[in-house]
Amino acid sequence: MIEDANPMTCRQFQAQLPELMGSRENFEADRHLQRCTLCRALLTDLETIAEAARQLFPGVEPPDELWSQIESALWNEGKSREPEKNTE
Amino acid sequence: MSNPWHRTHSPDANSGAVSREATRRKRASSLEVASPPPASLSALCETQLLAQAKAGDQLAFAQLYALHKKRIYSLCMRMVGNRTEAEDLTQETFLQLHRRMSTFRGDSSFSTWLHRLAVNVVLMNLRKKGLSLISMDRAMETVDERSLGRSFGSLDLTLSGAIDRLALEHAVDDLPAGYRLAFVLHDIEGYDHQEIASALDCSIGNVKSQLHKARLKLRDVLRALPGQEERG
């Protein structure tokens with residue numbers, strides 16, 4: 001495992017990670033990634049977090065009073081402003 | 001053209017403020033209890049509702065609100081991490097919608113258009129509050145040594161098991177604003193790097209960097225939770 005923990009190699013690989021993960025290319029075959037347990041673990045974690053984000057975060061309902069506030073604001077706006085003309 | 005909100009909702013000149021308020025609340029209440037249409041009908045209904053709302057039908061506008069309030073409010077909540085601000089921003093989004101809906105051309109779906117409108121409302125608000133999105137370009141030049149450094153010295157633990165939803169939500173709420181915006185817009189809302197860079201007025205590289213740092217920070221927070229035992 002010592003050879004996997006080469007700071008420079010890991011540092012260089014991880015410096016490229018934002019770009020690698022941002023691309024749609026498969027970089028699983030990257031030589032450093034193949035050999036380095038640390039960087040593989042890091043990548044797995046980051047992918048897990050990104051995947052979790054897509055699946056979690058159910059929607060939240062706003063409070064009921066919000067519509068009343070919006071309606072009041074629209075009523076007030078309507079006194080001084082007409083809806084824009086249709087540009088379609 | 002008269003103000004549709006004024007025409008239908010204008011208070012009766014002979015009634016008092018209490019009566020006006022009661023009428024307003026009753027009307028609002030009746031709108032709140034109306035159920036959104038089934039998903040299969042929603043697109044068709046939405047087109048019709050939008051046309052009616054553009055023509056000044058306030059009930060149609062209220063139904064558009066009912067259809068989209070959850071998604072827009074949730075987006076605002078994630079982007080700013082604060083309930084009160086999210087309510088204000090949701091309100092502003094729907095006010096903007098009312099002002100601008102006649103300019104919707106149908107190039108994208110209405111839902112997408114409204115979503116982008118909400119993102120812009122939130123970003124505008126953040127800029128007013130002094131969040132310098134441009135300065136993120138400089139920030140990306142600096143490697144987050146602390147986060148990266150943790151991976152070098154020893155075999156680090158990997159996140160074990162499923163990620164706790166609440167823990168992740170709290171961790172996202174606690175992210176610095178720039179990191180949170182990149183993470184929310186990309187990983188949660190599904191915008192691509194180019195779209196986010198345009199919205200934030202910064203480079204694509206910057207967005208990728210902010211997103212990466214956000215994930216690294218979330219990893220640190222999640223691994224520090226009880227139950228995440230070290231391996232190796």
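**Note on a predicted complex: helix packing and confidence**

1. Helix 11 (residues 193–200) of chain B packs against helix 12 (residues 204–223) of chain B at an angle of about 105°, and their axes lie 8 Å apart. Because angles of 65 to 115 degrees count as roughly perpendicular, helix 11 of chain B is described as roughly perpendicular to helix 12 of chain B. On the side of helix 11, the contact is formed by His193(B), Gln194(B), Ile196(B), Ala197(B) and Leu200(B); on the side of helix 12, by Ile204(B), Val207(B) and Lys208(B). The model is predicted, and the remarks below should be read accordingly.

2. Helix 12 of chain B also packs against helix 3 of chain A, at an angle of about 95° and with the axes 9 Å apart. This pair, too, is roughly perpendicular. Here Asp45(A), Leu46(A), Ile49(A) and Ala50(A) of helix 3 meet Arg215(B), Leu218(B) and Arg219(B) of helix 12. For the complex, the predictor reports an ipTM of 0.71 and a pTM of 0.67.

3. Helix 3 of chain A covers residues 37–55; at 1.5 Å a residue, its 19 residues should span 27 Å, and the end C-alpha atoms are indeed 27 Å apart, so the two values agree. Several of its residues are buried: Leu38(A), Cys39(A), Leu42(A), Leu43(A), Asp45(A), Leu46(A), Ile49(A), Ala52(A) and Ala53(A). Asp45(A), Leu46(A) and Ile49(A), which are among these buried residues, also take part in the meeting with helix 12 of chain B. In general, an α-helix has 3.6 residues a turn, so residues three or four places apart point the same way. Just beyond helix 3, Phe57(A) adopts a positive phi of about 55°.

4. Which residues does Tyr179(B) touch, leaving aside those up to four places away in sequence? They are Gln210(B), Lys213(B), Ala214(B) and Lys217(B). Tyr179(B) belongs to helix 10 (residues 177–188) of chain B. It has 24 C-beta neighbours inside 10 Å and therefore counts as buried, the cut-off being 20 or more. Although Ala214(B) is 35 residues from Tyr179(B) along the chain, their C-alpha atoms are separated by 4.9 Å.

5. Helix 4 (residues 58–80) of chain B bends by about 55° at His68(B). Of its 23 residues, 17 are buried, so this helix is largely enclosed by the rest of the structure. Gly81(B) follows helix 4 and has a positive phi, near 65°.

6. Chain B as a whole contains twelve helices and zero strands. Of its 232 residues, 34% count as buried. Among its contacts between residues at least 6 apart in sequence, 69% join residues at least 24 apart.

7. Confidence varies along chain B. The mean pLDDT of the chain is 74, with 65% of the residues reaching 70 or more. Among its elements, helix 5 (residues 83–100) has the highest mean pLDDT, 95, and helix 2 (residues 17–33) the lowest, 41. Over residues 7–40 of chain B the pLDDT is below 50, and this stretch has 22 contacts in the model beyond near neighbours in sequence. Residues 134–157 of chain B likewise stay under 50, with 45 contacts beyond four places in sequence. Where pLDDT is low, the predicted coordinates should not be read in detail.

Note on methods:
Residues are numbered from 1 along each chain as its sequence is written. Chains are lettered from A and ligands numbered from 1 in the order in which they are written. This is a predicted model: local features need pLDDT of at least 70, side-chain atom pairs count only at pLDDT 80 or more; totals for chains, interfaces and linings use all residues. Helices (H or I, at least four residues) and strands (E, at least two) are DSSP runs, numbered from the N terminus. A residue is buried if 20 or more other C-beta atoms lie within 10 Å of its own, exposed if 12 or fewer, and partly exposed in between; C-beta atoms are placed from the backbone. Two residues are in contact if their C-beta atoms, placed from the backbone, lie within 7 Å. The expected span of a helix is 1.5 Å times one less than its number of residues. pLDDT is the predictor's confidence in each residue, from 0 to 100. The bend at a residue is the angle between axes fitted to the seven residues ending there and the seven starting there. Axes are lines fitted to C-alpha atoms, for helices over the stretch in contact, and angles run from 0 to 180 degrees between N-to-C directions. Angles under 35 degrees count as roughly parallel, over 145 as roughly antiparallel, 65 to 115 as roughly perpendicular and the rest as oblique.
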